[in-house]
Amino acid sequence: MQQIHPLSPLLREATPSLPPSRYIDGNVYADELHNIWKKGWNYVGPLSDIAPGTMRRVDVAGTNILLVRAKDGDVRAYHNVCPHRGSELCTADEQPLRGGRILCPYHAWSFNADGTLARTAAASHAPDFDKADHGLRSVGLIDWNGLLFVRPVESSDDFGADNAFGLHDLDNWPMRELVTASRETHLVECNWKILWENFHECLHCPGVHPSLCDLIPIHRKGLGTYSDAPDWTPDSMEPEHGLRDGARSWTLSGAAATAEFPGLTEDQRNAGQVYCVIWPTLFIVAHVDYISIVSYRPKGPEQTEVTGEVLVAPAALADPNFDLHQIVAFNQQVQNEDEEVCELNQRGLRTSPFKAGVLMPEEHRVKTFHDWIARKMAGADAA
Ligand code: FES
Ligand SMILES: [Fe+2]
């Protein structure tokens, strides 16, 4: 290896990857589901998608969660179970509140949006029955920039404390004003970690992503950013990313699909993309005209549900020249290319006598990801 700068992030030694069992074994999966997902913050969608006066049922890492948005806009999360005898409360992806309350479909107990028990249908109560003891069990909920995250199991995990990169890099994007222009969900036949490993390196870019490499010249070299280059120094003047000349955004044509956000700096406009990562649940790629959110939900040791969302300014939806297809088609192509190799990776891990791989210097972010998982699992309790 040539001499690299002391501050270069490149790995200095051949580093083992994880053994195949970490991607296949049901017990490993259950432990990770409990300690990384249930005790971590799981993305459940933009606040703007939940109309006041409605509730949502969401599966969060195998936990049935009820999201409630009161008429005044306040949003809360609860376990989706009635304290009376355990019926599910919200029985569809989306339902209206009844008179501003959550009504149990079994014996008609009703709960205020703040989780307190409002009424029981029974005519009588035992003398020691106290309504205050029978409210809904709340679940950790965070509204970050208008995006909602739920933590089904209590833990010491502070949002963004050790699992996020670039949270403040989106400060100039009008995150809270954005609305969903498109959403698509599908199942990918691989372990959730494979998707993240793939996301965190660009060695595959030249062979797998022709259109992305056409748009982002540095990816043609297999580099995610210029700091991945072996000759990088802190004084290097190369832009971190940068789109090809004349391109403004991740679209089929390279042009912005609608008006650019007004609050961005010149650097942010010229970068072409700004990344924000929140392990294990999502990454955001922010552009001059839209943001995309790719989120993951583990569905089994070898299955992950992937959702791609495009969020835009409300004005874009009213813009007759706004061409959503330009955005969605480009992103789906890149996503499909990634998912195809992720599934190849999973199948290879399952069928070969392969013991463990090796990380190359440019795969330093994969190592950082593995180290984070190791910290999460160290001292973790059994699922
Ligand atoms: S289980 Fe909900 S009211 Fe009986
Ligand atoms: Fe990729």
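**Exercise 1.** In this predicted model, decide whether D338 is buried or exposed, then do likewise for H209.

*Solution.* Start with the cut-off: a residue is buried when its relative accessible area is under 20%. D338 has a relative accessible area of 13%, so D338 is buried. H209 has 1% relative accessibility and therefore counts as buried too.

**Exercise 2.** Find which protein atoms are donors of the iron ion (ligand 2), and work out why their arrangement is called irregular.

*Solution.* First, list the donors: NE2 of H204, NE2 of H209 and two OD atoms of D338. They lie 1.9 to 2.8 Å from the iron ion. Next, look at the angles: the four donor atoms subtend 52 to 147° around the iron ion. A tetrahedral label would need all angles between 85 and 135 degrees. The arrangement is irregular because of the angles that the four donor atoms subtend.

**Exercise 3.** Describe how the donors of the iron ion (ligand 2) are spaced along the chain.

*Solution.* The spacing reads H-x4-H-x128-D. H209 and D338 are 129 residues apart, and this pair links distant parts of the chain. H209 sits in the loop between α4 (205-208) and α5 (210-215), while D338 belongs to helix α8 (residues 324-351).

**Exercise 4.** Locate L203 and say which surface patch it helps to make.

*Solution.* L203 is in the loop between α3 (192-199) and α4. Its relative accessibility is 35%, so L203 counts as partly exposed. Together with V358 and M360, L203 makes a nonpolar surface patch of about 250 Å².

Terms used. Residues numbered from 1 in each chain as written. Chains lettered and ligands numbered in written order. Predicted model: local features only at pLDDT ≥ 70, side-chain atom pairs only at ≥ 80, totals over all residues. Heavy atoms only, no water. Donors = N, O, S within 2.8 Å, 3.2 Å for Na, K, Ca; no water. Tetrahedral: all angles 85-135°; square planar, octahedral: opposite > 155°, others 65-115°. Helix = DSSP H or I, 4+ residues; strand = E, 2+ residues; numbered from the N terminus. Buried < 20%, exposed > 50% of the residue type's maximum accessible area, 1.4 Å probe, protein only. Patch = residues over 30% accessible without salt bridge, like charges linked within 9 Å, V, L, I, M, F, W, Y side chains within 5 Å. Areas by Shrake-Rupley, 256 points an atom, 1.4 Å probe, with all protein chains shown as cover. Salt bridge = Lys/Arg side-chain N within 4 Å of Asp/Glu carboxyl O.
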